[in-house]
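Here are a few exercises to work through with the model open beside you. Try each task before you read its solution.

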Amino acid sequence: MTLLIAGGGIGGLTAALSLHAEGIEDVRVLEAVPEIRPLGVGLNVLPNAVKELDELGLLPRLADVSVATGDLGYYNRHGQLIWREPRGLAAGHRWPQLSIHRGRLQAVLADAVRERLGPDAVVTDTRVVDVIHTASGVRVTARHPVAGTTSTVDAEGLIGADGIRSAVRAVLGPGEGPPPWNGLVVWRGTAWVPPFLDGRSMVIAGDDRSRAVVYPMSAADERGRVLMNWAVAKAAEPGAAFEDADWNRSVEPESFVGHFAHLAFDWLDVPAVIRTATEAYIYPMVDRDPLPRWSHGAVTLIGDAAHAMYPMGSNGATQSIVDARVLAAHLARHSEVAEAFAAYEAERLPVLTRLQHSTRRRGPEIVIDLAHERAPGGFSDVREVFPGTELEDISANFARLGGFDPRTVNTMTPPGAAAGAGARR
Ligand SMILES: Cc1cc2nc3c(=O)[nH]c(=O)nc-3n(C[C@H](O)[C@H](O)[C@H](O)COP(=O)(O)OP(=O)(O)OC[C@H]3O[C@@H](n4cnc5c(N)ncnc54)[C@H](O)[C@@H]3O)c2cc1C
């Protein structure tokens, strides 16, 4: 039995490891790029996904190359604290929240896939361009850009984990077009700078027009500096356009840092961090419309291919990891690939659709918009701006929506536990 995975990103590699852990070993990851390189900047993996990576035996390796986030604080444009909450272990989760460079996370996953499934389990220079159903499963067509060739391969099923511009999604639902843009531009990068606050804090600061997200992703080096992730966003200039959402479009910090001059506080100077950048990229804030279905017979979608979201609340990598684990559990327990894919979709699609809608309303970051709307000049007591339990409720509701509140994570049944009993290995 052969399963193909289109895309060797966070979701695709986790799917390969999860299938292997379920005893399904004839799995190949088809990756478009000629070589997996440590691309991207920072992301956060929430405790519900860290639990899954721990069950795959990867937590010690990941802990070495990440920071266990201690708290998350939301601030207004004047640097006044709106809301701070403990995260991960500090919040009572049995697993930490990890702030990590995407390239390091991908490298840990790719190394584990090659160790466990064999050196040829990830096939690079293989861009999936088409898939059709056959009597025994699927026939996948791929282009090999470097080799300049095209090939086809048959399998029992195809998992589309090929990201926000998924070719598999485009085959399943032709005519969708490029990911819709909400008019915000995001500049993101990394910098080696001294830590701020207690060295484990994640900060989101700004107003209704512009904001910054900053957090450390490494322990201090011999000079006391940490690898800091930063991202800043604001509305695009009139007439600005992006031909395509390219994660790797480099940009000079001086071309945009002036827009964020007001985010210089005595406890964190965002423009100074940006000016120290070792890398900086520009990206439009795009997502995908929720789909009515992800699974079509022996083809399904996971991660960004299924439900790309705005980066509000750290759900991109997190939910792709959970998708991969749930999908593998269903494949292990159903005798038919199509049945397993349908069961996975039934478990995950409603949850992710609600999350996609929530991130379009800014998710938990809405507190920054509300603080600006109600007290643009700042406040002397945040409780006068947010009476009652409004702040607690916004935070707790989003955590429940994403399945990462401590109670759910700590007592969670194994993914796919609702699946039937018929084993397929
Ligand atoms: C280069 C890059 C940089 C990123 N940087 C950041 C970041 O800094 N911060 C952040 O929060 N998120 C970043 N992301 C997105 C983030 O990884 C995802 O939102 C999240 O991890 C969900 O993972 P995924 O596996 O669904 O998609 P991704 O991690 O995007 O992985 C998709 C994979 O599929 C491959 N692929 C694409 N098309 C095909 C095809 N037709 N056939 C075969 N393979 C294909 C891609 O090369 C990629 O390896 C980045 C993604 C990429 C690809």
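**Exercise 1: Confidence**

Task: Find the mean pLDDT of the chain, and the stretch where pLDDT stays under 50.

Solution: Start with the whole chain. This is a predicted model, with a mean pLDDT of 93, and 97% of the residues reach 70 or more. Next, look for the weak spot: over residues 418–425 pLDDT stays under 50. The model still has 21 contacts beyond four places in sequence for that stretch. Where pLDDT is low, the predicted coordinates should not be read in detail.

**Exercise 2: The nonpolar core**

Task: Work out which residues have the most contacts inside the largest nonpolar core, and which helix gives the most to this core.

Solution: First, take the core itself, a set of 122 residues in which Ile5, Leu158 and Val168 have the most contacts. Then turn to the helices: helix 8, residues 316–333, gives the most, with ten residues. Now check the domains. At least three core residues come from each of domain 1 (3–41 + 100–178 + 289–361) and domain 2 (182–286). Finally, zoom in on Leu158. Leaving aside residues up to four places away in sequence, Leu158 touches Leu4, Ala6, Val131, Val138, Val140, Val168, Ala298 and Val299.

**Exercise 3: The open sheet**

Task: Trace the order of the seven-strand sheet, and explain why one side of strand 6 and of strand 17 is left without a neighbour in the sheet.

Solution: Begin with the order, 6-5-14-15-16-13-17, in an open sheet with mixed pairing. Strand 6 (81–86) and strand 17 are at the edges; each has a single partner strand, so one side of each lacks a neighbour in the sheet. On average, neighbouring strands are turned by 15° against each other, direction ignored. Next comes helix 10 (residues 366–374), which packs on the sheet and touches strands 5, 6, 14 and 15. The direction of helix 10 makes about 160° with that of strand 6.

**Exercise 4: Around strand 13**

Task: Count the bridges that join strand 13 to strand 16 and to strand 17.

Solution: Take strand 16 (residues 226–235) to begin with: ten bridges join strand 13 to this antiparallel strand, and Trp192 stands opposite Leu227 there. On to strand 17 (residues 277–286), also antiparallel to strand 13 (residues 181–193) and joined to it by eight bridges. Here Trp187 has Ile282 as its bridge partner.

Note on methods:
Residues numbered from 1 in each chain as written. Predicted model: local features only at pLDDT ≥ 70, side-chain atom pairs only at ≥ 80, totals over all residues. pLDDT = per-residue confidence, 0-100. Contact = placed C-beta atoms within 7 Å. Core = buried A, V, L, I, M, F, W, Y, C linked by C-beta atoms within 7 Å. Buried ≥ 20, exposed ≤ 12 C-beta atoms within 10 Å, placed from the backbone. Helix = DSSP H or I, 4+ residues; strand = E, 2+ residues; numbered from the N terminus. Domains from an automatic or database assignment. Pairing = 2+ DSSP bridges. Axes fitted to C-alpha atoms, helices over the stretch in contact; angles between N-to-C directions.
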